[in-house]
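Please go through the assignments made for this model one at a time, and set each value against the criterion behind it.

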Amino acid sequence: MENLKKTPLYDRHIEAGAKMSPFGGFDMPIEYSGIVSEHEAVRKQVGVFDVSHMGEVLVAGPEAVRFVNYIFTNDVSNLTIGKILYGMMLNPDGGTVDDLLVYRMEEQKFLLVINASNIDKDVAWIMTHAQAFNVRAINCSDDWAEIAVQGPASETMLMSVLGIDVTDLSFYEFKQLADGTIVSRTGYTGEDGFEVYSTPRRIDSMWQKLMDAGVMPCGLGCRDTLRFEAGLPLYGDELTDSISPIEAGLGMFVKTEKPEFIGREAVIRQKTDGVSRKIVGLEIEGPAIGRHGYDVLDCDGNKVGEVTTGYRSITLGRNFAMAIVEADCAKLGTKLQVQVRRKIFPAQVIKKRFYTPNYKK
């Protein structure tokens, strides 16, 4: 435990009685009042998350556009300043190094937001490949803190409590305030919401103002149940070094028409020839909850895959899972089974998006 990093809001979490647990090398709040109440607050009103464990890398220089396009599957060449793209960094075999957001700050300056558990790996990957380009890549992860204000009332809360006008922001747009704070209309919950990046001191002040206004603090427990219901992938589950975005059903974020990017040849082959396995959604009958790593079987009892994430949906009250299965078993409506400990429960392939997101377009 002594080797775990702490976010700038760590003392706030301890004071609030949060249940803490290691995540991505940090000691992070898993829940405060309870996963169910926090989940429902975000779905129905508003909640705030400490996401300061996320990593940030600034890339700038005369070849910044070419470099980011080389390491990123989406295409930033026509991305407008003030807008954001989601995509992946791939290894040459098409596996996923990480999934990330890219913010276009200036014509030749980008902010890359990466997953906490991958910061060291990602930074090494970015720095290594940057050597062949006329760019500077700076790991500024320790300089930033970040909160996510999520839910239908998030816009009102940012304006009334923090005094930040966000009415001009559409989904996947951001702006930089006079003090350097970045506010983006993004999130990981399936609801309208915002992510705010600033100095640790400013973020601490914002957090306390939101607490004083009665906003519910939320932990990583409900962050996972919320993203799961909305069909959003988690690195380490639905995306890994050996799971490509094509297998994960995220091909729309892979622009193979670009002339060059790492892993391009591999994902072109996958798009052309098809893949042998796919990430699917499952609905499981009965009381069983499929957890990560549980076997998925066909109707004859043969293993055809395994669960990547599974929960009983708090919003919908049904048992769902995401799983990676053989491509022949991935068609909607296919009957499968999930082995939960020593018991086997019927399941059916359904769409991965169990809950319809409510984003502001």
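Q: How is α2 placed relative to β3, β9 and β13?
A: Helix α2 lies across these three strands and runs at about 115° to β13, where axes are lines fitted to C-alpha atoms, for helices over the stretch in contact, and angles run from 0 to 180 degrees between N-to-C directions. Helices (H or I, at least four residues) and strands (E, at least two) are DSSP runs, numbered from the N terminus. The model is a predicted one, in which local features need pLDDT of at least 70 and side-chain atom pairs count only at pLDDT 80 or more, while totals for chains, interfaces and linings use all residues. Residues are numbered from 1 along each chain as its sequence is written, and side-chain values use heavy atoms, with hydrogens and water left out.

Q: Which helix packs on the sheet and touches β3, β9, β12 and β13?
A: Helix α6 (residues 200-212) does so, and its direction makes about 30° with that of β9; touching, or contact, means heavy atoms within 4.5 Å.

Q: What makes β3 and β9 a pair?
A: Two strands pair if DSSP finds at least two bridges between them, and 4 bridges join β3 (residues 47-50) to β9 (residues 145-150), so the criterion is met, with the strands running antiparallel. One of the bridges has F49 facing its partner A148 in β9.

Q: Why is E38 said to have no salt bridge?
A: A salt bridge is a side-chain nitrogen of Lys or Arg within 4 Å of a carboxyl oxygen of Asp or Glu, with Lys and Arg counted as positive, Asp and Glu as negative, and His and the chain ends not counted. For E38, the nearest side chain of opposite charge, K19, is 11 Å away, so the cut-off is not reached. E38, found in helix α2 (residues 35-44), nevertheless has a polar atom of its side chain 2.9 Å from the backbone nitrogen of G219.

Q: Why is E63 called partly exposed?
A: Buried means under 20% relative accessible area, exposed over 50%, and partly exposed in between (1.4 Å probe, protein chains only); E63 has 25% and therefore falls in the middle class. E63 sits in the loop between β4 and α3.

Q: How do you know that E63 and R66 form a polar contact?
A: Their side chains are joined at 3.0 Å, and a polar contact is a pair of N or O atoms within 3.5 Å, where within protein one must be able to donate a hydrogen and the other to accept it, and residues adjacent in sequence count only if both atoms are side-chain atoms.
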